[in-house]
Amino acid sequence: MNKQTRLKKLNQTALLAALCFVSFTYLQIKIPIPGGNTTSLHIGNAFCVLAALLLGGWYGGLAGAIGMTIADLLDPVYIMVAPKTFILKLCIGLITGLIAHRIAKISENNDKKYILKWSIIASVGGLAFNVVADPIVGFFYKQFILGQPQDAAAILAKISAVTTLVNAIVSTIVVVIIYNVLRPILNKEGLLTKID
């Protein structure tokens, strides 16, 4: 990858990290839960997946991880879970990118139906990982790192599973629409970077 392409990709990564931050910070509904904890309905993960579809798994995962971790660090409610957020969002991007670009090679294809099908599959794959991993990792993180009692951590994991599933469904719909509308425009303008 030449210097100009790398710079373009870094700029796009920063832009998508900012979109992850803004969408999580300002487009969320916080839900208070027992014990002074909070969960939320949001579409921040949609932009993490969008980043992976546009930039590939590594850069897309970094965009999601950086944007959503900064959002956590600036919110007193979520500051303690920022390390967990970084790891999970990076994984969402890596899994989405693996499916979309390594398996389906959508960046090398111009068939709209093929791209639609695989953008759905890749989005579902990345977000399904999060639906399973977020409550499980959250349970162990809250119990062993934050010191919450096992019963409380288990209740929080169950609540997290429900909100994460709702977030995943909404995010999949949002990202598939945005990606399939945006991709031809970016391609026409020469703004789609080659995925390695």
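Reader: How are α4 and α5 oriented to each other?
Author: In this predicted model, the two helices pack with their axes 9 Å apart, at an angle of about 155°. Angles over 145 degrees count as roughly antiparallel. Therefore α4 and α5 are roughly antiparallel to each other.

Reader: Is the crossing of α4 and α5 left-handed or right-handed?
Author: Keep in mind the angle of about 155° for this pair. The way α4 and α5 cross is right-handed.

Reader: What sits in the loop between α4 and α5 with a positive phi?
Author: Most residues other than glycine have a negative phi. One residue in the loop from α4 to α5 goes the other way. Its phi is about 55°, although it is not a glycine, and its name is K105.

Reader: And is K105 buried, partly exposed or exposed?
Author: Buried would need under 20% relative accessible area, and exposed over 50%. K105 has 38% relative accessibility, so it counts as partly exposed.

Reader: Okay, on to α2. How do α2 and α4 lie relative to each other?
Author: Their axes come within 8 Å and cross at roughly 40°. Angles under 35 degrees would be roughly parallel, and roughly perpendicular starts at 65. So α2 and α4 are oblique to each other.

Reader: Which residues of α2 and α4 make that contact?
Author: The two helices pass each other in a right-handed crossing. On the α4 side, the contact uses K89, I92, G93, T96, G97, A100 and H101. On the α2 side, the residues are N45, C48, V49, A52 and L53.

Reader: How many residues of α2 are buried?
Author: The buried ones run through the helix and include G44, F47, L50 and L55. They pack against α1, β2, α3, α4, α5 and α6. So α2 is largely enclosed by the rest of the structure, and the buried count is 12 of the 12 residues.

Reader: How far apart are the end C-alpha atoms of α2?
Author: With 12 residues at 1.5 Å a residue, α2 should span 16 Å. The model agrees with that, because the end C-alpha atoms of α2 are 17 Å apart.

Reader: Which residue follows α2, and what is its phi?
Author: Right after α2 comes G56. Its phi is positive, near 100°.

Reader: Which helix gives the largest share of the largest nonpolar core?
Author: That core has 37 residues, and L16, L50, L53, L54, I106, V175 and Y179 have the most contacts inside it. Each of α1, α2, α3, α4, α5 and α6 supplies at least two of its residues. The largest share, 9 residues, comes from α2.

Reader: Which residues is L16 in contact with, leaving aside its neighbours within four places in sequence?
Author: L16 is among the residues with the most contacts inside the core. Beyond those sequence neighbours, L16 touches L50, A51, L54, L55 and A63.

Reader: How far is L182 from L54, C-alpha to C-alpha?
Author: L182 belongs to helix α6. With a relative accessible area of 28%, L182 is partly exposed. Along the chain, L182 and L54 are 128 residues apart, yet their C-alpha atoms are separated by 9.5 Å.

Reader: One last pair: how far apart in space are G190 and N109?
Author: G190 lies in the segment after α6, and its relative accessible area of 40% makes it partly exposed. In sequence, G190 and N109 are 81 residues apart. From C-alpha to C-alpha, the distance between them is 15 Å.

Technical notes
Residues are numbered from 1 along each chain as its sequence is written. This is a predicted model: local features need pLDDT of at least 70, side-chain atom pairs count only at pLDDT 80 or more; totals for chains, interfaces and linings use all residues. Side-chain values use heavy atoms; hydrogens and water are left out. A nonpolar core is a set of buried Ala, Val, Leu, Ile, Met, Phe, Trp, Tyr and Cys residues joined through side-chain atoms within 4.5 Å. Buried means under 20% relative accessible area, exposed over 50%, partly exposed in between (1.4 Å probe, protein chains only). Helices (H or I, at least four residues) and strands (E, at least two) are DSSP runs, numbered from the N terminus. Contact means heavy atoms within 4.5 Å. The expected span of a helix is 1.5 Å times one less than its number of residues. Axes are lines fitted to C-alpha atoms, for helices over the stretch in contact, and angles run from 0 to 180 degrees between N-to-C directions. Angles under 35 degrees count as roughly parallel, over 145 as roughly antiparallel, 65 to 115 as roughly perpendicular and the rest as oblique. A crossing is left-handed if the near helix is turned anticlockwise from the far one by less than a right angle, and right-handed if clockwise.
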